[in-house]
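This report describes selected features of one protein model. The reader is invited to follow each feature in the sequence and in the three-dimensional view.

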Amino acid sequence: MELVFATNNKHKLEEVKKILNNKFKILSLNDINCFEEIPETQKTIKGNASQKAHYIYDKYKKNCFADDTGLEIEALNGEPGVYSARYAGENCSFEDNVKKVLQKLEGIKNRKARFKTVISLIINNKEYLFEGIINGTVIDKKRGKSGFGYDPIFLPDGFNKTFAEMLPEEKNKISHRALATQKLINFLENIRQFRQ
C-alpha cells in the first residue's frame, strides 16, 4: 500500500519512516510533485491534521495521511498548542519557540506539559483519526542535541532524559507521534489482512 505523508517537515518525514520501518511505502510531497504550502488554518490540532490530509486527497486524489502536533503546557492554558510550530511568530526557528516558552515559564513552579499528535488518514475518501499523547514536564534549560522542536526542554514522565537526549530509536518507542503512528499501523495492517 502506498500512502502520501502530507508534510513539508523533513524531520517528521524521517521520524515517521523510521517508526513505520518499511511496512508501507511512504511518498513525500516531493514524490507527487506537490511543492506548495499546505494550509493550516484550523483552531485545533485535530482540525489542522484533517485540513492537511483533505487538501492533498482532494487535489492529488491519492490516499494520504497528515499529522499535527502540539506541546500543551498546563500553566500556559494549553499554549503553545496548535501554534507550536510558529509560537514565536511566522518564520521563527525552533530555537525562537523554545526561548519564548522558557521566558513565559520563568518563575512558574507548575511545569506539567504534554505532547499531542493527531493523525488524519484518508483512504478512498474516508477519514480516520488517531491520537497519541505523552505527558511530561518542561525543564528550565535545554538538554540534548537530538530531535527537533521542543525536544530539548521536554522530559517525559518516568524518564530522566529529554527527548533530545534520547537516541531516535528510544524516542520512537514512546513519543506522541510514535503512539499515534502505531495506531495508524495497526489500522492499516487490519485493512491489509481484510483485503487478502
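## A buried lysine

The side chain of K52 reaches the backbone oxygen of D67 at a distance of 2.7 Å. The model in which this contact appears is a predicted one. K52 belongs to helix α2, which covers residues 45-60. Is K52 buried or exposed? Its relative accessibility is 5%, and K52 therefore counts as buried, since the limit for that class is under 20%.

The surroundings of K52 include residues from several parts of the sequence. Not counting residues up to four places away in sequence, K52 touches A6, K12, I38, P39, E40, A66, D67 and D68. D67, whose backbone oxygen is reached by the side chain of K52, is thus also listed among the residues that K52 touches.

## A threonine in a loop

T7 is placed in the loop that connects β1 (2-5) with α1 (10-20). With a relative accessibility of 13%, T7 counts as buried because this value is under 20%. A polar atom of the T7 side chain lies 3.0 Å from the backbone nitrogen of N9.

When neighbours within four places in sequence are left aside, T7 is in contact with K12, L13 and L29. K12 is also one of the residues touched by K52.

## The largest pocket

The volume of the largest pocket is about 910 Å³. Its lining consists of 34 residues, and those closest to the centre are N9, K12, E40, A85 and F94. Two of these residues have appeared already: K12 and E40 are both touched by K52.

Which elements each supply at least two residues of the lining of the largest pocket? They are α1, β3 (64-73), α3 and α5 (176-195). The largest share, four residues, comes from β3. By residue class, the lining of the largest pocket is made up of 10 nonpolar, 13 polar and 11 charged residues.

## The second largest pocket

The second largest pocket has a volume of about 200 Å³. It is lined by 13 residues, and E15, K18, G147, F148 and P168 lie nearest its centre. Two elements, α1 and α4 (168-174), give two or more residues to this lining.

The most is given by α1, with four residues. The lining of the second largest pocket divides into five nonpolar, four polar and four charged residues.

## Nonpolar cores

How many residues does the largest nonpolar core have? It has 20, and the residues with the most contacts inside it are I73, V101, V138, Y150 and I153. Two or more residues of this core come from each of β3, α3, β4, β5 and β6 (154-156). The largest share, three residues, is that of α3.

V138 illustrates the contacts made by a member of this core. Leaving out residues up to four places away in sequence, V138 touches I73, V101, L102, L105, R111, A113 and I153. There is also a second, separate core of 19 residues, which includes L20, F65, I185 and L188.

## Unusual backbone geometry

Most residues other than glycine have a negative phi, and most peptide bonds are trans. Three places in the model can be read against this background. The peptide bond from E79 to P80 is cis, with omega near -5°, and P80 is located in the loop between β3 and α3.

N91 is not a glycine, yet it has a positive phi of about 60°. Its place is in the loop between β3 and α3. N91 has a relative accessible area of 81% and is therefore exposed, a class that requires over 50%. N124, likewise not a glycine, has a positive phi of about 50°. N124 is found in the loop between β4 (112-123) and β5 (126-138), and it counts as exposed because its relative accessibility is 53%.

## An exposed glutamine

Q103 is part of helix α3, which covers residues 94-104. Is Q103 buried or exposed? Its relative accessible area is 53%, so Q103 is exposed.

How far apart are Q103 and D140 in sequence and in space? The two are 37 residues apart in sequence, and the distance between their C-alpha atoms is 9.3 Å.

Notes: Residues are numbered from 1 along each chain as its sequence is written. This is a predicted model: local features need pLDDT of at least 70, side-chain atom pairs count only at pLDDT 80 or more; totals for chains, interfaces and linings use all residues. Side-chain values use heavy atoms; hydrogens and water are left out. Buried means under 20% relative accessible area, exposed over 50%, partly exposed in between (1.4 Å probe, protein chains only). A polar contact is a pair of N or O atoms within 3.5 Å; within protein, one must be able to donate a hydrogen and the other to accept it, and residues adjacent in sequence count only if both atoms are side-chain atoms. Contact means heavy atoms within 4.5 Å. On a 1 Å grid over the protein atoms alone, a cavity is a set of points where a 1.4 Å probe fits but cannot get out, and a pocket is an open set with protein on both sides within 12 Å along at least five of seven lines; lining residues have an atom within 4 Å of a point. Grid points are joined across faces, edges and corners, and a volume is the space filled by probe spheres set on the points. Ala, Val, Leu, Ile, Met, Phe, Trp, Tyr, Cys and Pro count as nonpolar, Asp, Glu, Lys and Arg as charged, and the others, Gly among them, as polar. A nonpolar core is a set of buried Ala, Val, Leu, Ile, Met, Phe, Trp, Tyr and Cys residues joined through side-chain atoms within 4.5 Å.
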